[in-house]
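Here are some short exercises to work through with the model open beside you. Try each task before reading its solution.

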Amino acid sequence: MKLLPAIFVLISSVPALLAESNKGHFFTQQFESSEIQIIENVPYGQKLNQGGKLSDLLVDLFLPPNASKGSKLPLIVVIHGGGFRNGTKEKNRDWAIEYATFGYVAACINYRLTPEDMRDKSPGNFITAATHATEDGMD
């Protein structure tokens, strides 16, 4: 499976990445997909959506076998598309698993979507939805 770029990629611990790159880590597959630990539906916040309803913000984590408490591994945050109207974190699950087989920690997040009754094409609703998604990613 070819690695495709995510909409938003956050890589932490760049020195560790550079040090490990000489060993082939992070650039070649290190692990099998069956070795990846998946932790689903971890809450990372709650926010009101445009309709005033409280939304749970959830993340799925994909950990390579060498991840342990205190280890410093690069993180890739995978954010689904959908124009702030639809989509779920599960859409990019295969990408996250693939990144984890290369040694990255991957996280697929959900963010607030525009409610059905507010899905017109007015710039105000789009800007509000984009602002909410950005705030959700910052939590």
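**Exercise 1. Find the strand that holds Glu40, then describe the surroundings of Glu40.**

Step 1. Glu40 is found in strand 1; helices (H or I, at least four residues) and strands (E, at least two) are DSSP runs, numbered from the N terminus. Keep in mind that this is a predicted model, where local features need pLDDT of at least 70, side-chain atom pairs count only at pLDDT 80 or more, and totals for chains, interfaces and linings use all residues. Residues are numbered from 1 along each chain as its sequence is written, and side-chain values use heavy atoms, with hydrogens and water left out.

Step 2. Glu40 counts as partly exposed because its relative accessibility is 46% (buried means under 20% relative accessible area, exposed over 50%, partly exposed in between, with a 1.4 Å probe and protein chains only).

Step 3. Not counting residues up to four places away in sequence, Glu40 touches Val59, Asp60 and Arg93 (contact means heavy atoms within 4.5 Å). With Arg93, the side chains make a polar contact at 2.9 Å; such a contact is a pair of N or O atoms within 3.5 Å, where within protein one must be able to donate a hydrogen and the other to accept it, and residues adjacent in sequence count only if both atoms are side-chain atoms.

Step 4. Glu40 and Ala107 lie 67 residues apart in sequence, with 9.8 Å from C-alpha to C-alpha.

**Exercise 2. Work out the order of the strands in the open sheet, and which of them stand at the edges.**

Step 1. Strand 1 (residues 37-48) and strand 2 (residues 54-63) run antiparallel, joined by nine bridges; two strands pair if DSSP finds at least two bridges between them. Val42 has Val59 as its bridge partner in strand 2.

Step 2. Strand 2 also runs antiparallel to strand 4 (residues 105-109), through four bridges. Here Phe62 stands opposite Ala106.

Step 3. Strand 3 and strand 4 run parallel and share five bridges.

Step 4. Put together, the four strands form an open sheet in the order 1-2-4-3, with mixed pairing. Strand 1 and strand 3 (75-79) each have a single partner strand, so one side of each is left without a neighbour in the sheet.

**Exercise 3. Is Thr101 of helix 2 buried or exposed, and what does Thr101 touch?**

Step 1. Thr101 lies in helix 2 and is buried, because its relative accessible area is 2%.

Step 2. A polar atom of the Thr101 side chain lies 2.6 Å from the backbone oxygen of Glu98.

Step 3. Leaving aside neighbours within four places in sequence, the contacts of Thr101 include Gln29, Phe31, Ser33 and Ile36.

**Exercise 4. Identify which residues touch the most other members of the largest nonpolar core, and find the aromatic pair.**

Step 1. This core has 17 residues, and Ile36, Phe62, Tyr99 and Tyr104 touch the most other members (a nonpolar core is a set of buried Ala, Val, Leu, Ile, Met, Phe, Trp, Tyr and Cys residues joined through side-chain atoms within 4.5 Å). Helix 2 gives the largest share of this core, four residues.

Step 2. One aromatic pair turns up in a search of the whole structure. Tyr99 and Tyr104 form this edge-to-face pair, at 6.4 Å centre to centre and 80 degrees between the planes. Rings of Phe, Tyr and Trp (its six-membered ring) pair if their centres lie within 6.5 Å; planes under 30 degrees apart count as stacked, over 60 as edge-to-face and the rest as tilted.

Step 3. Both Tyr99 and Tyr104 are buried.
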